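Work through the exercises below with the model open. Try each task before reading its solution.

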Amino acid sequence: MCENPLRALPKMDVLLSHPILLAARERVPYALIRQAARNKLEEVRRDVLAGAAVPPVDTLAGEISEIAQSMGRPGLKRVINATGVVLHTNLGRAPLARQAVEAVCEAAEGYSSLEYDLDKACRGSRHSHVETLLCSLTGAEAAMAVNNNAAAVFLMLSALAAGKGVAVSRGELVEIGGAFRVPEIMAASGAILREVGTTNKTRRSDYERAILAGEAQALLKVHTSNYQIVGFTEDTPLSQLSELAAAHDVPLLCDVGSCVLSPASLPNLPAPSAAAALADGADVVCFSGDKLLSGPQAGIVLGKKQYIDAMKRHPLARVVRIDKLSLAALEATLLLLRDPESARETLPVLSMLNARSEDLHTRAERLAAGLREALGDDYTVSVLPCTGQVGGGSLPNAELPGFCAAITAGPGVPEGLEAAFRRHKVPILCRIHHGALLLDVRTLRAEDEGEILRAAEAVRGTSR
Ligand SMILES: *Cc1c(COP(=O)(O)O)cnc(C)c1O
């Protein structure tokens, strides 16, 4: 009566020689199967002690095989972005241009001239590959690239403002993506934050007072890229700050966050431009490589040579340096940006943001027709207007009018169908809105459509 219920658990060696697990060895390393079996038995032991029955050994073996196989698969998977959010932070932000992907493969496969000067046959600089391009594209005197923009801000403050007071408007003390907060980054860099003005209004005289009082030896402007203060507001433009910085001989630093190199690559949206920030008198400008620039994760720094040189020489430059794969992708992206008009086609982010409404409508019609056929008569599919977003904390108020294929009725619409699409072999992420499942075509790549239709056919297969 009081028999130990754990006795009914299969022994490890019995389990491992179950036919299902013997067969699994052809596909998965034995060590993974053993690990999965150990974890599963541990879990079942806990359940049994809590009163559950011991599952049949076939069920256990099947589950262990499934777990072992998923342990062998990479967790970082390609997904299909049908959300209409172009720079989706959780989905890896900017997809790369084909040329950038090829450059990454080439740099990854073999050796490269990363830090070797092929003309002079001596050690070269990894900055050289993008510096000339960045300067010619923006008019900057000097440039460098680091790991990401958070690193760029950190290096800029560490190299140029450690131990100095840095005046920042209270309206610009932003937090980006949870962990990057201007006051905290500043404290970590050794710069001393001098808040000036108020949340909604900061005037030139507020900055000037901090300089005259000896509290600020540098000025920092942070683009409030993920929110906007509206209403009764006043903000001091860069051009005014640069007069002030020049008059008092203090550096003017600017974290633009997300920008294009020139307005011509994104004519329809009010995107900040790096060239404009420099022309307005910023001494150093930094921004992300994988936001509106449509390149790899990187932080790009442009500005006066004396400041960029000081940043390159700083010990942290090595800590935050850009890796060769990102550098290869960045160089290829910049080469494409030399021709802003064709970059609107070749760079995925620019092409999605510049997509014409008529084209999106045609694509949504085609996808809806395919879905109607694949899902069958139990479902209702139509084309609806929808609004895409830039995402990535960039241009929060920009609305991108477009079209989506909307599955408005049918078995499991919307939650069940959303989950089925999300669990597809290539996961498909879409939006639920007013009880319908929306697939925004703006963020779909050419090859995604076929995969979506395969997922829809699989749904129809299981609902019969
Ligand atoms: C996005 C952003 C950052 C951080 O850039 P990462 O490339 O994510 O490191 C910093 N400052 C501003 C204003 C931003 O918009």
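Two strands pair if DSSP finds at least two bridges between them. Keep in mind that this model is predicted.

**Exercise 1. Pair two strands**

Task: State in which sense β17 and β18 pair, and over how many bridges.

Solution:
- Find strand β18 at residues 436-440.
- Strands β17 and β18 pair in the antiparallel sense.
- Their pairing runs over 3 bridges.
- Take one contact point: histidine 433 has alanine 436, in β18, as its bridge partner.

**Exercise 2. Place the pair in its sheet**

Task: Give the strand order of the open sheet of 5 strands, then explain why β2 and β17 each have a side without a neighbour.

Solution:
- The order reads β2-β14-β15-β18-β17.
- Pairing in this open sheet is mixed.
- Strands β2 (85-87) and β17 (431-433) stand at the edges.
- Each has a single partner strand, so one of its sides has no neighbour in the sheet.
- From one strand to the next, the twist averages 40 degrees.

**Exercise 3. Add the helices**

Task: Work out which strands α17 and α18 lie across.

Solution:
- Helix α17 lies across β14 (380-391), β15 (400-409) and β18.
- The angle of α17 to β15 is about 15 degrees.
- Helix α18, residues 415-422, lies across β15, β17 and β18.
- The angle of α18 to β18 is about 40 degrees.

**Exercise 4. Describe the largest pocket**

Task: Give the volume of the largest pocket, then describe its lining.

Solution:
- The volume is about 1300 Å³.
- The lining has 41 residues; closest to the pocket centre are Pro95, Pro348, Met352, Thr443 and Arg445.
- Elements giving two or more residues to the lining are α5 (98-109), α15 (340-346), α16 (348-353), α17 (357-375) and α19 (448-462).
- Sorted by class, the lining holds 17 nonpolar, 9 polar and 15 charged residues.

**Exercise 5. Classify one serine**

Task: Decide whether serine 265 is buried or exposed.

Solution:
- Locate serine 265 in the loop between β11 (252-257) and α11 (274-279).
- Apply the cut-off: buried means under 20% relative accessible area.
- Serine 265 has 2% relative accessibility, so serine 265 counts as buried.
- Leaving out residues up to four places away in sequence, serine 265 touches Val260, Leu337, Pro340, Arg344, Leu350 and Asn354.

**Exercise 6. Step back to the chain**

Task: How many helices and strands does the chain have, and what share of its residues count as buried?

Solution:
- The chain has 19 helices and 18 strands.
- Of its 464 residues, 47% count as buried.
- Among contacts with a separation of 6 or more, 74% join residues 24 or more positions apart.

Terms used:
Residues are numbered from 1 along each chain as its sequence is written. This is a predicted model: local features need pLDDT of at least 70, side-chain atom pairs count only at pLDDT 80 or more; totals for chains, interfaces and linings use all residues. Side-chain values use heavy atoms; hydrogens and water are left out. On a 1 Å grid over the protein atoms alone, a cavity is a set of points where a 1.4 Å probe fits but cannot get out, and a pocket is an open set with protein on both sides within 12 Å along at least five of seven lines; lining residues have an atom within 4 Å of a point. Grid points are joined across faces, edges and corners, and a volume is the space filled by probe spheres set on the points. Helices (H or I, at least four residues) and strands (E, at least two) are DSSP runs, numbered from the N terminus. Ala, Val, Leu, Ile, Met, Phe, Trp, Tyr, Cys and Pro count as nonpolar, Asp, Glu, Lys and Arg as charged, and the others, Gly among them, as polar. Axes are lines fitted to C-alpha atoms, for helices over the stretch in contact, and angles run from 0 to 180 degrees between N-to-C directions. Contact means heavy atoms within 4.5 Å. Buried means under 20% relative accessible area, exposed over 50%, partly exposed in between (1.4 Å probe, protein chains only).
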